[in-house]
Amino acid sequence: MVTCPSCGEENPEHARFCLACGAALIAPEQRRKERKYATALFADLVGSTTLAEREDPEVVQSVVGRAFDRLAEEIGRYEGLLEKFMGDAVLAVFGVPRAHEDDAERCESASRPERCSSTRSALVALATGCSRATP
Ligand SMILES: [Zn+2]
């Protein structure tokens, strides 16, 4: 039995709202809490500092932009969530908000360096890594 926090009525275990007064029997914060496995992808642009020292800012912007666009495309293709860009690094998550059985494989597939080969000609490359963890 679940006791209503509002009126004290005893309600069946499966009730989500009080049968007497209609108050929610489970706090909204409790309902949203959920433990999920997630795989994080971290990508860092190697060689961008050297590139920035040698090239025009427009060239650097173009090369870095192309590398990140290509990576963002791959992350989207494998249904990952692009969390944020931090300077010359990218953080993405697989398994949140929607989990797949193969999120770790999806992360690995999205992070394959050969998929970002367009940047190699400009002497920059994406160093990527996947890490699976429980919250
Ligand atoms: Zn009640």
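Where in the chain is confidence lowest, and where is it highest? Confidence is lowest in helix α1 (residues 28-32), with a mean of 60, and highest in strand β2 (residues 10-11), at 93. These numbers are pLDDT values, the predictor's confidence in each residue on a scale from 0 to 100.

This is a predicted model, so to speak of local features we need pLDDT of at least 70, side-chain atom pairs count only at pLDDT 80 or more, and totals for chains, interfaces and linings use all residues. Residues are numbered from 1 along each chain as its sequence is written.

**The overall layout**

The chain has four helices and six strands. Helices (H or I, at least four residues) and strands (E, at least two) are DSSP runs, numbered from the N terminus. Reading along the sequence, you meet them in the pattern β-β-α-β-α-α-β-β-α-β. Mean pLDDT for the chain is 80, and 81% of its residues reach 70 or more.

Of the 135 residues in the chain, 23% are buried. Here, buried means that 20 or more other C-beta atoms lie within 10 Å of a residue's own; exposed means 12 or fewer, partly exposed is in between, and the C-beta atoms are placed from the backbone. Two residues are in contact if their C-beta atoms, placed from the backbone, lie within 7 Å. Among contacts with a separation of 6 or more, 54% are between residues 24 or more positions apart.

**Helix α3**

Let's check a length. The expected span of a helix is 1.5 Å times one less than its number of residues. Helix α3 (residues 57-77) has 21 residues and should span 30 Å, which agrees with its end C-alpha atoms being 30 Å apart.

Which residues of α3 are buried? They are V63, V64, A67, F68, L71, E74 and I75. Seen down the axis of α3, these buried residues fall within an arc of 115 degrees, so they line one face of the helix. That arc is taken from the directions from the helix axis to the C-beta atoms. On the face turned away from the buried side sit the exposed residues E58, Q61, G65, D69, E73 and R77.

Take F68 in α3: it counts as buried because 20 other C-beta atoms lie within 10 Å. Leaving aside neighbours within four places in sequence, F68 is in contact with F85 and V90. F85 and V90 are themselves bridge partners, with V90 in β5.

After α3 comes E79, in the loop between α3 and β4 (81-86). Its phi is near 60 degrees, a positive value in a residue other than glycine. E79 is partly exposed, with 13 other C-beta atoms within 10 Å.

**The strands**

In a regular strand the side chains alternate between the two faces of the sheet. Strand β3 (residues 38-46) shows this: T39, L41, A43 and L45 point to one face and are buried, while A38, A40, F42, D44 and V46 point to the other and are not.

Two strands pair if DSSP finds at least two bridges between them. Here are two pairs that involve β5.

| Strands | Bridges | Direction |
|---|---|---|
| β3 and β5 (residues 89-94) | six | antiparallel |
| β4 and β5 | five | antiparallel |

In the first pair, A40 has V93 of β5 as its bridge partner. The hairpin of β4 and β5 has two residues between the strands, and G87 there takes a positive phi near 60 degrees. Further along, P97 lies in the loop between β5 and α4, and the peptide bond from V96 to P97 is cis, with omega near 0 degrees.

**The core**

A nonpolar core is a set of buried Ala, Val, Leu, Ile, Met, Phe, Trp, Tyr and Cys residues joined through C-beta atoms within 7 Å. The largest one has 15 residues, and L41, A67 and L71 have the most contacts inside it. At least two residues of this core come from each of β3, α3, β5 and α4 (103-110). The biggest giver is α3, with six residues.

Not counting residues up to four places away in sequence, L41 touches I75, G80, A92, F94, C107, A110, S111, T128 and C130. S111 is in the loop between α4 and β6 (125-133) and counts as buried because it has 25 C-beta neighbours inside 10 Å. S111 and L41 are 70 residues apart in sequence, yet 7.3 Å apart in space, C-alpha to C-alpha.

**A word of caution**

Over residues 115-123, pLDDT stays under 50. Where pLDDT is low, the predicted coordinates should not be read in detail.
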